[in-house]
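Thank you all for coming; I would like to walk through one model this morning, going slowly from strands to helices and then to the packing between them. Please have a look at the picture before I begin.

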Amino acid sequence: MNRRSIRAGAIICALLAAGLFLGRELRHGLALKTGVASALPSPGDPSSTPAPVESAQPYSPSAKSPSVLATVEAAPLPKLAQATPAVPSIDPRKALGSKSAPITIEVFSDYQCPACRTLYVSVWRQLVDNYANTGKVYLVHRDFPLPVHAHSRVAAHYANAAAHIGKFEIVEQLLFEKQATWEQSGDVDGTVARVLTPAEMTKVRALVKGGTLEEGIKKDVELAQFYRVTQTPTSIITCKGQTYPVVGVQSYAVFHAFLDQLLSQK
Amino acid sequence: MMQSAPFTLRRGFLLLGRLFLGGLLIYAGYAKLILPGMYPHPPVGVALALFATQIDSYQLLPPWAVIQLARSLPFAEIALGLLLVIGWQLRIWASFATALLLGFVVIVVRSYAKGLEINCGCFGPGEALTIKTVLRDGALLALTAGIAVCAFLEARASHPWSAPEKR
């Protein structure tokens, strides 16, 4: 066997592999067009995935309502990039936009993480203006306080307490914008007091001391484990039953291109 | 009479190395285009836009360059992988692959040193950039550089096909 025959063999193998690849993709595309794919295990199929949970249920940290997390404990962890049944329970007070938007973005972040601050300042506001307010995206904040940050859990408690009195957006904005100040002093209470009235602060303090908020944060952290989130910020983007993990900080232009591509899907 | 080149350790390394590296590059490109972890697979346009978000998280390039790179890199990896598997003009393509891997290693090391908590994006989404990524890319760079060096050495060595036939 000479060199030419080896080369010819390699070319034939490569062409065969390319043919198989294209054939597989073509078949897959055809299956989708003719609806064959619907016969396959689908995101909504309860036998293949954890049971869907009623989305956008009212936020109640102390409530023992069934959640996706209860199912997660029993079920093996899914692959990160796996189709999920629906967006799990969402606290509408920590979300912006319409629940019926075609795309849901759950941002797992830590109030003391500098990258989360960058994402919030450079991307979040534009997403709110251009996608959430136009009904294209449902933007959800999820707490993922990292143990390495001394005050992030306290900050999450205050933000969740503010959500209870309908002041989440303003407190979240303040916590990120004044991150450098309170992360050094640890004075989250004093920072939050800048934007809330004394009456509101009294309610917030009572909620923080009440200890009921931890449950809500724990649920978000467990959900992060379900999605295999290990870093902050991580945005879990759900569209047409598929979840796409986007880790780290992106520029708005790239995020915008990705969202437009998702929205253009038929 | 024409005869095939005798088997040597270097030729064996070249053959196995380029087949492995070529296959790996083809898979890397395929994983970025198809997202094998997802079923049903999203359209290629969505996969490429998702890949763009991964490139962007390295915080190296302006958005327009990120989008262009995301659109071209997976195809370039598949083409380069096929060329390595075929073995045509191996010196050129192995050198090209070495330069590409060197670029990857530099970027990965920089991001790791900066403490960026991002996904590598090497074989689709879901792989965090850790020390393992750095070591793996370093090992792949060493392999690619080895293939390129061996390809040049092989080209210098006298070959039975070019030698005059013995009478």
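Which residue in β4(A) does A:Glu106 stand opposite? This is a predicted model, so please take everything I say as a statement about a prediction. In that prediction, the residue of β4(A) that A:Glu106 stands opposite is A:Ile236, while in β3(A) the bridge partner of A:Glu106 is A:Val140.

Let me put that residue into its setting. In chain A, five strands form an open sheet, and their order across it is β1-β3-β2-β4-β5, with mixed pairing. The edges of this sheet are β1 (95-96) and β5 (242-247) of chain A, each of which pairs on one side only. Strand β2 (residues 103-109) of chain A runs parallel to strand β3 (residues 137-143) of chain A, and seven bridges join the two. With β4(A), on the other hand, β2(A) is antiparallel, and there the number of bridges is six.

Moving along to the next pair, β4(A) and β5(A) are also antiparallel and are held in register by six bridges, one of the partnerships being that of A:Cys239 with A:Gln242 in β5(A). These two strands form a hairpin, with two residues between them, and in that turn A:Lys240 has a positive phi of about 50°.

I would like to stay with β4(A) for a moment. As a general point, side chains in a regular strand alternate between the two faces of the sheet. In β4(A), A:Thr234, A:Ile236 and A:Thr238 point one way, whereas A:Ser235, A:Ile237 and A:Cys239 point the other way, and all of them are buried. Because six of the six residues of this strand, residues 234-239, are buried, β4(A) is largely enclosed by the rest of the structure.

Now to the helices that lie across the sheet. α3(A) lies across β1, β2 and β3 of chain A, and runs at about 150° to β3(A). Helix α9 (residues 213-226) of chain A lies across β2 and β3 of chain A, with an angle of about 105° to β3(A).

Turning to chain B, we find five helices and zero strands, so to speak a plain α-α-α-α-α when read from the N terminus on. The C-alpha trace of chain B spans about 65 × 35 × 25 Å along its principal axes, and 37% of the 167 residues of the chain count as buried. If we take the contacts in chain B between residues at least 6 apart in sequence, 67% of them join residues at least 24 apart.

Two helix pairs in chain B deserve a description. Helix α2 (residues 44-56) and helix α3 (residues 63-86) of chain B pack at an angle of about 120°, their axes being 8 Å apart, and the two are therefore oblique to each other. Their crossing is right-handed, and the contact is made by residues including B:Leu48, B:Phe51 and B:Ala52 of α2(B) and B:Val66, B:Ile67 and B:Pro74 of α3(B). In the other pair, the axes of helix α4 (residues 90-114) and helix α5 (residues 131-156) of chain B come within 8 Å and cross at roughly 160°, which makes α4(B) roughly antiparallel to α5(B). The crossing of α4(B) and α5(B) is left-handed.

Finally, the nonpolar packing. The largest nonpolar core has 81 residues, and those with the most contacts inside it include A:Val137, A:Tyr158, A:Phe258 and B:Ala52. Its largest share, nine residues, comes from helix α3 (residues 114-132) of chain A. Apart from this core lies another, of 21 residues, with B:Ala28, B:Ile78, B:Leu82 and B:Trp93 among them.

What is A:Phe258 in contact with, once its neighbours within four places in sequence are left aside? The contacts are B:Ala49, B:Leu50, B:Ala52 and B:Thr53. A:Phe258 lies in helix α10 (residues 252-263) of chain A, and because there are 28 C-beta neighbours inside 10 Å, A:Phe258 counts as buried. From A:Gly211, A:Phe258 is 47 residues apart in sequence and 39 Å apart in space, taken C-alpha to C-alpha.

Notes: Residues are numbered from 1 along each chain as its sequence is written. Chains are lettered from A and ligands numbered from 1 in the order in which they are written. This is a predicted model: local features need pLDDT of at least 70, side-chain atom pairs count only at pLDDT 80 or more; totals for chains, interfaces and linings use all residues. A nonpolar core is a set of buried Ala, Val, Leu, Ile, Met, Phe, Trp, Tyr and Cys residues joined through C-beta atoms within 7 Å. A residue is buried if 20 or more other C-beta atoms lie within 10 Å of its own, exposed if 12 or fewer, and partly exposed in between; C-beta atoms are placed from the backbone. Helices (H or I, at least four residues) and strands (E, at least two) are DSSP runs, numbered from the N terminus. Two residues are in contact if their C-beta atoms, placed from the backbone, lie within 7 Å. Two strands pair if DSSP finds at least two bridges between them. Axes are lines fitted to C-alpha atoms, for helices over the stretch in contact, and angles run from 0 to 180 degrees between N-to-C directions. Angles under 35 degrees count as roughly parallel, over 145 as roughly antiparallel, 65 to 115 as roughly perpendicular and the rest as oblique. A crossing is left-handed if the near helix is turned anticlockwise from the far one by less than a right angle, and right-handed if clockwise.
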